Amino acid sequence: MTRQGPFRISRRFLHVWKRNLTIYRKNWKISFLPPLLEPLFYLLAFGVGLNALVGSIQYRGTEISYIAFIAPALISINIMYNAFFETTYSSFVRMYYQKTFDAMMATPLFVDEIITGEIFWGATKSVIATLIMQGVISLFGLIDYPAGLLIIPLSFLGGMAFAAIGMYFTSIVAQIDIFNLPIFLFITPMFLFSGTFFPLETLPAWAQQLSLLFPLTHLVSLVRALAFGVIEPALALNVLYLIVFTLVFFPWSLVKMQRRLIK
Amino acid sequence: MDFVIEAQGLKKTFGPFVAVDGISFGVSRGECFGLLGPNGAGKTSTIRMIYGFSPRTAGSLKIFGLGIDEGLRQIKSRIGVCQQENSLDTELTVLQNLEVFASYFDIEPSSARRRAEDLLKFIALEQRRDAPVIELSGGLMRRLMLARALINNPQLLILDEPTTGLDPQSRHQIWNRLEELRAGGLTILLTTHYMEEASRLCDRLIIMDHGRILVEGKPVDLVRQYAGRDVIEVSEPTDRLRSFISSKGLPHDDLGHRLIIYCDNRDQIYGEISSQYCQEGCILRMATLEDVFLKLTGRELRE
Ligand SMILES: Nc1ncnc2c1ncn2[C@@H]1O[C@H](COP(=O)(O)OP(=O)(O)OP(=O)(O)O)[C@@H](O)[C@H]1O
Ligand SMILES: [Mg+2]
């Protein structure tokens, strides 16, 4: 079946977003822990452990500590994980096991609104997680302010990009186990090769070019620049990439989801 | 006639498979209309087209006099649906389930709360209002599904097997509630596998099979027409009985170990059969909708 008509999205998608928020607030104590503790673990392991081995690193012509280098990457990875896991595993559970979308479809909501609500919620989780993690990292003096404040709206944009592609995968997987595949082939390489734990310049040229396809590469560049108080025109390209990425996968996931849900 | 649902040549296919094969029916205001049929008959597929969940393959469908394609959002906001599978928010409490669902209809939080509390009273769940749904029994979940379907004060209530899997107590509870709603003038579309439920609740019903309508009518009329007044059931029938039945030309179903005879003049024939032809067991009972159903749809298992 082809798509019937244009996208049908009204502000009603916020009801879906709000539903997820209601449930999140019930479990907030558990939901708060990972972004709170994770940076502490990483900063301990990498900062104290690896720092001794790596020493300092060159960033924009200055020497910085390894820990200052990876702190923005931790925030970026956190943005990716929160949105991506929300619109993959969590959305899949709601769609497939809990029949939440079926119930919503018997109300004035349309599929496009349900999926939009889910994607916005995924991005919202990135923002919440960023607020917590950035708070912790700031206590170590690793983020420059006021430029660092821009990381918060940026976390929403990054969250939208990863929530949209997550939802795209949700629209095509037959079973929940299959998410292992995009995680293994997409998320893990990004986690390692997006300028997260070592500078991209240490990679061969072809690999550097390839890594520019990863949304995480652009997100890490942005968060790192902001964390060091750098705001420059070149960053607009990174932002543009994230916007284009979202503008591709958001509508695409709506189309695919419509096809999956409407029978 | 003031029709709430008007279906003309309604058809639904999944690839080459025809689930609903061009059916036509109308449901008028205030009526409780039953959709009966064996597993896979196409009941849920029909219902899903009516509440706008699935697009139809062919045919026309009007709800509240509005074409389903043009008026979908408006139609959806005036319908309440209790789906075949429970789809409650198990992490939330009973009350929150109703409140969250109300928000999908753009109902203000304060009136949602009031409506939710009324409904909890209606289904006798007010004591459990703060219990997480995950702790409820199957019967309570089903009652909550019913309450949730009523949250928007619908003008049409669609129930897909509302009582399947419930104990007799819960089932009667739901029947009482549905009778109250019907008495209040609500239009109801109901599917069920319980013939007793259909006889009790439905003003009119259709029995469908393989996506087609076999019969349509009032339960009592259908029973009269297809099963007669009485039924005699004989276990382990003898060949002597079989030839007696044939000689009398009585309509019957021969199931091998069991013979079902449809008749109108109960006393005379039953007397004769029970005294002369009955060795194992032999009962006389009123004909029911179940007899009609089995007669029309056969006794083979589906799916
Ligand atoms: N999405 C689908 N894709 C393919 N076939 C389907 C789909 N949904 C239903 N069917 C088929 O259509 C037929 C009718 O299904 P439907 O669910 O309408 O039956 P039903 O009358 O509600 O049965 P039950 O009493 O078991 O609920 C079945 O054979 C079913 O397998
Ligand atoms: Mg069904």
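How much area do chain A and chain B bury between them, and what share of it lies on carbon and sulfur atoms? In this predicted model, the two chains bury about 2,600 Å² between them. Carbon and sulfur atoms carry 57% of that area. Three residues supply 22% of what chain A buries against chain B: A:Ala106, A:Pro108 and A:Lys263. No other three residues of chain A give more. The contact draws 27 residues from chain A. Chain B puts in 29 residues.

Keep A:Lys263 in view and turn to the largest pocket. Its volume is about 580 Å³. Its lining counts 30 residues, and A:Lys263 is one of the five closest to the centre. The other four come from chain B: B:Thr44, B:Arg48, B:Gln84 and B:Glu85. Four elements each give two or more residues to this lining. On chain A they are H3 and H10; on chain B they are strand E2 (17-28) and helix H1 (43-50). H1(B) gives the largest share, five residues. By class, the lining of the pocket has eleven nonpolar, nine polar and ten charged residues.

Next, chain B as a whole. It has eleven helices and 14 strands. Its C-alpha trace spans about 70 × 45 × 35 Å along the principal axes. Of its 303 residues, 52% are buried. Consider the contacts in chain B with a sequence separation of 6 or more. Residues 24 or more positions apart account for 68% of them.

Now the cavities. The structure holds one cavity of 30 Å³ or more. The space in the largest cavity is about 30 Å³. Seven names make up the lining: A:Glu38, A:Tyr42, A:Leu74, A:Ile77, A:Tyr81, A:Met133 and A:Phe191. Helix H2 (28-54) and H3 of chain A each give two or more of these residues. The largest share is three residues, from H3(A). Six of the lining residues are nonpolar, none is polar and one is charged.

H3(A) leads on to helix H9(A), since its residues 66-97 are among the packing partners of H9(A). H9(A) covers residues 215-227, 13 in number. From first C-alpha to last it reaches 18 Å, close to the 18 Å expected at 1.5 Å a residue. How many of the 13 residues of H9(A) are buried? Twelve are, and the helix is mostly covered. Among the buried residues are A:Pro215 at the start of the range, A:His218, A:Arg224 and A:Ala227. The buried residues pack against strand E1 (56-59) and five helices of chain A: H3, H6 (151-172), H7 (180-193), H8 (205-211) and H10 (235-261). After H9(A) comes A:Gly229, with a positive phi near 75°.

The last stop is H10(A), which also gives residues to the lining of the largest pocket. A:Ser253 sits in this helix. Why does A:Ser253 count as buried? Its relative accessibility is 0%, and buried means under 20%, so A:Ser253 qualifies. Leave aside the neighbours of A:Ser253 within four places in sequence. The contacts that remain are A:Ile115, A:Ile119, A:Ala164, A:Met167 and A:Tyr168.

Terms used:
Residues numbered from 1 in each chain as written. Chains lettered and ligands numbered in written order. Predicted model: local features only at pLDDT ≥ 70, side-chain atom pairs only at ≥ 80, totals over all residues. Heavy atoms only, no water. Expected span 1.5 Å × (residues − 1). Buried < 20%, exposed > 50% of the residue type's maximum accessible area, 1.4 Å probe, protein only. Contact = heavy atoms within 4.5 Å. 1 Å grid on protein atoms, 1.4 Å probe; cavity = no way out; pocket = protein on both sides within 12 Å on 5 of 7 lines; lining within 4 Å. Points joined across faces, edges and corners; volume = space filled by probe spheres on them. Nonpolar A, V, L, I, M, F, W, Y, C, P; charged D, E, K, R; others polar. Buried area = accessible area lost by both parts, 1.4 Å probe.
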